[in-house]
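Got the model loaded and a selection box at hand? Let's walk through it one stop at a time.

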There are 2 protein chains.
Amino acid sequence: MNAPGPTISATCSDCPIRHRAVCAQCESDELEQLEEIKYYRSFEAGQTIIWSGDKMGFVGSVVSGIATLTQTMEDGRTQMVGLLLPSDFVGRPGREGAAYDVVATTDIVMCCFRKKPFEDLMVKTPRIAHRLLEMTLDELDAAREWMLVLGRKTAREKIASLLSIIARRDASLNTGGPSGPMVFDLPLTREAMADYLGLTLETVSRQMSALKKDGVIRLEGKRHVTIPDMGRLMEEAGDDSDGGFLV
Amino acid sequence: MNAPGPTISATCSDCPIRHRAVCAQCESDELEQLEEIKYYRSFEAGQTIIWSGDKMGFVGSVVSGIATLTQTMEDGRTQMVGLLLPSDFVGRPGREGAAYDVVATTDIVMCCFRKKPFEDLMVKTPRIAHRLLEMTLDELDAAREWMLVLGRKTAREKIASLLSIIARRDASLNTGGPSGPMVFDLPLTREAMADYLGLTLETVSRQMSALKKDGVIRLEGKRHVTIPDMGRLMEEAGDDSDGGFLV
DNA sequence: AGACCTCTTTGACCCAGATCAATTGGTACA
DNA sequence: TGTACCAATTGATCTGGGTCAAAGAGGTCT
């Protein structure tokens, strides 16, 4: 697909692998070993990184950019089943094939580990295995939280839920706490939002307009969003507990 | 809640823990150690086994009966996020609180391990940790498969999807292969089915009647189901690949 | 500047599934 | 044998979101 990304100069110290993904609590010698089998790859917006059913040669995490996990029915209906933001992990150690398409939504850089050596390392260092279990449990929680969104929320609540997730993730990476207005650029087209939420793009557009009219969000251009009152948004989303869900 | 189940005479040899859950590939001395911290509990139909937010003192797997994982919004809307059939595992090693309610749908017997000793054992025996990672990845796949059902399928397809899951799970436990008609008892009320599928109970009832009228299923009484042609049911479900999804 | 993109918004209409309500059937209990 | 209770069915009507169609709003290329 793509040559190891020579375009970026990232070193492990700015690679999110350090603070959120695999080696969060690793000892330095374990980090060392991860370093040795690490490499970078970059993909352009729109490119499919992994096709469902393909065998995956690597695992890794997102350094910059956005990707999505998508499932498609034969007649073309698609449902996004996961959103990969910087520092999120992709891959199924111990599994052969991919279960869904992974598609780059923006230009994206990934920090990869070849699968075989990674699995070997995992066997030798239980700490990495435990960390992976933890990450997988997080993803499972997020997936189940999302099942509630898909199954029971209205279109307006769905949009609000998605915005609040993106806002929180964005904030935790860039700025300080969630006090005061939050500002971010939507990394998704209306169509991608629709695929995530089980809606049509027209409904997404209408509900965005409605939330704007009601002052819940402010929009400059199509993508630049300001959220004056995060609490208000979360009420709209139907989860009043500021409950920590994580995508 | 309940005393360790003296009502059952199960020994580990008939406990599903052996063939599908934690110790599937364990050595005998590891099994030995699991035996030591194992105990049984039983719950009555309708009883809540664990409340969302409670701290959970145990992990375990279902020996007999059915339980569900359920999420509830403040206004009472509920979404079932998982179905626990015999041999399924519950619990989040390394996590404090439960993320959702676990409710016994029928009378149920569980094979439990106290959490602390189980976690200790997990640290000592990487094989158990790996087995857990595998199980969690399975659950994640199932959850994401279900996201497609919730987000993109019609009511009829949803019902067919649920029936085909239950039929396959049931068959793999009781009879031989999936050839010839399949027969089973629905372990869920129409309301529970609705909560699983993001529908109302009336819609579930109507679609069950429609599938019956069209000869896709046969019904005796309210719960006893015969599926004359499994392939037909799977077409109705919208997944034509006989794809292995596992609840 | 104009032609051509792709993404987005908005309007008009329709329908699958929700809602409200009445009826049926089974079974437990007195 | 009646009444009380629950799960399930079925009917009538309403509505949120889908569908189809037309425009607007930035971009980019020549």
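## First stop: an arginine at the seam

Select B:Arg152: this residue is buried, with a relative accessible area of 16% (buried means under 20% relative accessible area, exposed over 50%, partly exposed in between, using a 1.4 Å probe and protein chains only). Before going further, know that this is a predicted model, in which local features need pLDDT of at least 70, side-chain atom pairs count only at pLDDT 80 or more, and totals for chains, interfaces and linings use all residues. Residues are numbered from 1 along each chain as its sequence is written, chains are lettered from A and ligands numbered from 1 in the order in which they are written, and side-chain values use heavy atoms, with hydrogens and water left out.

B:Arg152 sits in helix 3 (residues 126-152) of chain B; helices here are DSSP runs of H or I with at least four residues, strands are runs of E with at least two, and both are numbered from the N terminus. Now show what surrounds the side chain. It reaches the backbone oxygen of A:Thr78 at 2.7 Å, and the side chain of B:Arg152 also reaches the backbone oxygen of A:Ala194 at 3.1 Å. Both are polar contacts (a pair of N or O atoms within 3.5 Å; within protein, one must be able to donate a hydrogen and the other to accept it, and residues adjacent in sequence count only if both atoms are side-chain atoms).

Which residues is B:Arg152 in contact with, leaving aside its neighbours within four places in sequence? Highlight A:Arg77, A:Thr78, A:Gln79, A:Ala194, A:Asp195, A:Gly198, A:Leu199 and B:Glu157, where contact means heavy atoms within 4.5 Å.

## Second stop: the A/B interface

Zoom out and colour by chain. 46 residues of chain A are in contact with 46 residues of chain B. The two chains bury about 4,200 Å² between them, 56% of it on carbon and sulfur atoms; buried area is the accessible area (1.4 Å probe) that two parts lose on being put together, summed over both. On the chain A side, pick A:Arg144, A:Met147 and A:Arg152, which lose the most area to chain B, together 19% of what that side buries.

Next, look for charges. The rule finds twelve salt bridges across this interface (a side-chain nitrogen of Lys or Arg within 4 Å of a carboxyl oxygen of Asp or Glu). To see a salt bridge, select A:Glu139 and B:Arg144, whose side chains meet at 3.1 Å, N to O. There are also 26 residue pairs in polar contact across the interface, both at pLDDT 80 or more.

Which element of chain A gives the most to the side that touches chain B? Helix 3 of chain A does, with 20 residues. By class, that side has 21 nonpolar, nine polar and 16 charged residues; Ala, Val, Leu, Ile, Met, Phe, Trp, Tyr, Cys and Pro count as nonpolar, Asp, Glu, Lys and Arg as charged, and the others, Gly among them, as polar.

## Third stop: helix 5 of chain B

Select residues 190-197 of chain B. Seven of the eight residues of this helix 5 are buried, so the helix is largely enclosed by the rest of the structure. Among the buried ones are B:Arg190, B:Met193 and B:Tyr196. Step just past the helix to B:Gly198, which takes a positive phi of about 70°.

## Fourth stop: DNA strand C

Show DNA strand C and the 17 residues around it; A:Arg190, A:Ser205, A:Ser209, B:Ala155 and B:Thr203 come nearest (near means that a heavy atom of the residue lies within 4 Å). Of the strand's atoms within 4 Å of the protein, 64% belong to sugar or phosphate and the rest to bases.

Three distances to draw:

- B:Thr203: a polar side-chain atom lies 2.4 Å from a phosphate oxygen of strand C.
- A:Arg223: an N or O atom in the side chain is 2.9 Å from a phosphate oxygen of strand C.
- B:Glu202: an N or O atom in the side chain is 3.2 Å from a base nitrogen of strand C.

Helix 6 of chain A gives the most to the surface near this strand, with five residues.

## Last stop: DNA strand D

Switch to DNA strand D, which 17 residues surround, the closest being A:Thr203, A:Arg206, B:Arg190, B:Ser205 and B:Arg223. Sugar and phosphate account for 63% of the strand D atoms that come within 4 Å of the protein.

Draw the line from A:Arg206, where a polar side-chain atom lies 2.8 Å from a base oxygen of strand D. Then try B:Ser205, with a side-chain N or O atom 2.7 Å from a phosphate oxygen of strand D. Here the largest share of the nearby surface, five residues, comes from helix 6 of chain B.
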